[in-house]
Amino acid sequence: MQSVLADMADVAVSVSELKKNPSAVLNGVHGGPVAVLNHNRVMGYMVPADVFEAMMERLDDMDLAELVRSRRHETPEPVDLNDL
């Protein structure tokens with residue numbers, strides 16, 4: 001593995017090294033992102049499943065918050081639950 005200084009991940013790994021043992025690569029970064037390199041260029045990032053799921057949950061929360069903000073000036077309509 002090698003360091004990626006100006007990128008989003010502290011650790012980088014080549015595609016060929018990743019193919020050899022992907023579990024060892026992820027275990028070696030303790031939940032952090034890994035930059036995957038192809039010909040010394042970042043082609044993508046890899047994170048453990050629980051980190052990815054947390055990221056997706058956070059993005060979903062951000063989308064919902066934006067929806068709430070966009071609707072805050074709407075006039076509420078009374079609804080009777082029996083009419084639903």
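**Entry 1: words first**

Before anything else, I wrote down the scale for cover: buried means under 20% relative accessible area, exposed means over 50%, and partly exposed is whatever falls in between. I also reminded myself that this is a predicted model.

I tried the scale on M55, which sits in helix 3. M55 has 39% relative accessibility, so I filed this residue as partly exposed.

**Entry 2: the nonpolar patch**

Which residues join M55 in a nonpolar surface patch? I found F52, M56, L59 and M62 there with M55, and the patch comes to about 450 Å². Patch members need over 30% relative accessible area, so M55 clears that bar with its 39%.

**Entry 3: the negative patch**

Next I went looking for charge. E57, D60, D61 and D63 form a negative surface patch. I picked D63 for a closer look and found this residue in helix 3, which covers residues 49–71. Is D63 buried or exposed? D63 is exposed, because its relative accessible area of 54% is over the 50% mark.

**Entry 4: hunting salt bridges**

How many salt bridges are there? My rule was a side-chain nitrogen of Lys or Arg within 4 Å of a carboxyl oxygen of Asp or Glu. By that rule I counted one. The partners are R69 and E66, and their closest N and O atoms are 3.2 Å apart. That gap is within 4 Å, so the pair passes.

I then checked where the two sit along the chain. R69 and E66 are three residues apart in helix 3, so about one helical turn separates them. On cover, R69 is partly exposed at 42%, and E66 is partly exposed too, at 44%. Both are over 30%, but a patch takes residues with no salt bridge, so I didn't expect to meet either of them in one.

**Entry 5: strand 3 and its neighbours**

Now the strands. I started with strand 3, residues 34–38, which pairs with strand 4, residues 41–46, in the antiparallel sense over five bridges. On another pairing, strand 3 goes with strand 2, residues 11–14, in the parallel sense over four bridges.

What does A35 face in each neighbour? In strand 4 the bridge partner of A35 is Y45, and in strand 2 I found A12 standing opposite A35. I noted one more pair while I was there: V34 has M46 as its bridge partner in strand 4.

Is strand 3 mostly covered or mostly open? Mostly covered: four of its five residues are buried. V36 lies in this strand, and I call V36 buried because its relative accessible area of 8% is under 20%.

**Entry 6: far in sequence, what about space?**

I did two C-alpha to C-alpha checks. V36 and V11 are 25 residues apart in sequence and 8.8 Å apart in space. G44 and V34 are ten residues apart in sequence, with 8.5 Å between them in space.

G44 belongs to strand 4. With a relative accessible area of 22%, G44 just misses my under-20% cut-off, so G44 goes down as partly exposed.

**Entry 7: the odd phi angles**

Last job: positive phi values. The hairpin of strand 3 and strand 4 has two residues between the strands, and H39 there takes a positive phi near 55°. N40, found in the loop between these strands, has a positive phi of about 65° although N40 is not a glycine. N40 is also exposed, because its 67% is over 50%.

Where else did I see a positive phi? H30 has one of about 50°, and H30 isn't a glycine either. I traced H30 to the loop between helix 2 (22–28) and strand 3. H30 counts as exposed because its relative accessible area is 72%.

Key: Residues numbered from 1 in each chain as written. Predicted model: local features only at pLDDT ≥ 70, side-chain atom pairs only at ≥ 80, totals over all residues. Heavy atoms only, no water. Pairing = 2+ DSSP bridges. Patch = residues over 30% accessible without salt bridge, like charges linked within 9 Å, V, L, I, M, F, W, Y side chains within 5 Å. Areas by Shrake-Rupley, 256 points an atom, 1.4 Å probe, with all protein chains shown as cover. Lys, Arg positive; Asp, Glu negative; His and termini not counted. Charge placed at Lys NZ, Arg CZ, Asp CG, Glu CD. Buried < 20%, exposed > 50% of the residue type's maximum accessible area, 1.4 Å probe, protein only.
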